[in-house]
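This report concerns a predicted model. The text below begins with the surroundings of the ligands and then turns to a strand and a loop.

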Amino acid sequence: MLPTPHIESKNKDEIAKTVLMPGDPLRAKFIADTFLEDVKQFNKVRNVLGYTGTYKGKRISVMASGMGMPSIGIYSYELYKFYGVENIIRIGSCGGYTPDVKLYDVILAKDAWSESSFAKVQGGYDSDVIEGTPALNEQLKKYAEELNIPMHIERIHSSDVFYRENFGEYKEIYDKHGCVAVEMEAFALFHNAKVTGKKAACILTVSDNLATKEETTSEERQNAFTNMMKIALEMAE
Ligand SMILES: O=P(O)(O)O[C@H]1O[C@H](CO)[C@@H](O)[C@H]1O
Ligand SMILES: O=c1cc[nH]c(=O)[nH]1
């Protein structure tokens, strides 16, 4: 069934087996423009931009997910199920829950805790924790070491809510569940990988810190998170 409702490519060979997935379409474009050669755009439906190219001579795709679990739930499912994609590496921004993770630090999500109903509704999965694919995490860890880029490997929080009325709730989530940072997609991505028998990982850059109140600008969030991009790009094959 190609194309899908949200991806216009009619040929699954236009998309590589490994897809890097930032939330922001302009971050996808930045990666294609800055790091890839022989680039071909395969999606612009809803401005959710997708590109395939080569990195160091090896093939890789990059496509945005949009924000939140419903959005990444759609794109990751269509890529895994209908386009034959094997690996999706989310590369996102996150808010730190502890001063131990500083602005621009890179975090590999060992697993994601969430209060979201996504996994229960999608496939009857009852737990509130889902792990990334250990084999992908091992590869990413190795690439980070080779590139000499320090990387925290921790549990993260995947939240449905960016603006909470009770801002201070992050402290309880950190204390009770051990989440060092918050983002909004990994839990759904990890679940979709499980139900389709595929692989997923999530690398994040700290864009702001709820504990210290430091933050980066929206331009930096779009363009300056190159360390996590370089680690993930090594997954090209
Ligand atoms: O920078 P991205 O990948 O979009 O990730 C984070 O930023 C968005 C919120 O500003 C949410 O999508 C969150 O998960
Ligand atoms: O979801 C997110 C992403 C970045 N920063 C936050 O505070 N939350």
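In this predicted model, ligand 1 is surrounded by Pro 22, Gly 23, Asp 24, Met 67, Gly 92, Ser 93, Phe 162, Glu 183, Met 184, Glu 185 and Arg 221. By character, the residues of this shell divide into four nonpolar, three polar and four charged.

The shell around ligand 2 consists of Ser 93, Cys 94, Gly 95, Phe 162, Val 182, Glu 183, Met 184, Ser 207 and Asp 208. Two or more residues of that shell come from each of the elements β5 (87–96), β9 (179–183) and β10 (199–209). The most is given by β5, which contributes three residues. The shell around ligand 2 divides into four nonpolar, three polar and two charged residues.

Strand β5 deserves a description of its own. How many of the residues of β5 are buried? The strand is mostly covered, with ten of its ten residues buried. In a regular strand, side chains alternate between the two faces of the sheet. On one side of β5 lie Asn 87, Ile 89, Ile 91, Ser 93 and Gly 95, and on the other Ile 88, Arg 90, Gly 92, Cys 94 and Gly 96; both faces are covered, and these residues are all buried. Ser 93, on one of these faces, belongs to the shell around ligand 1 and also to that around ligand 2.

The pairings of β5 with other strands are set out in the table.

| Strand paired with β5 | Sense | Bridges | One bridge pair |
|---|---|---|---|
| β1 (residues 18–21) | parallel | four bridges | Leu 20 and Ile 89 |
| β10 | parallel | ten bridges | Ile 91 and Ile 203 |
| β9 | antiparallel | two bridges | Gly 95 and Val 182 |

The last row of the table returns to ligand 2: Gly 95 of β5 has Val 182 of β9 as its bridge partner, and Gly 95 and Val 182 are both among the residues that surround this ligand.

A loop residue offers a contrast in setting. Glu 165 lies in the loop between β8 (151–158) and α5 (169–177). Is Glu 165 buried or exposed? A residue counts as exposed if 12 or fewer other C-beta atoms lie within 10 Å of its own. Glu 165 has 6 other C-beta atoms within 10 Å and is therefore exposed. Glu 165 and Val 195 are 30 residues apart along the chain, and their C-alpha atoms are separated by 34 Å.

Definitions and conventions
Residues numbered from 1 in each chain as written. Chains lettered and ligands numbered in written order. Predicted model: local features only at pLDDT ≥ 70, side-chain atom pairs only at ≥ 80, totals over all residues. Near = placed C-beta within 6 Å. Nonpolar A, V, L, I, M, F, W, Y, C, P; charged D, E, K, R; others polar. Buried ≥ 20, exposed ≤ 12 C-beta atoms within 10 Å, placed from the backbone. Pairing = 2+ DSSP bridges.
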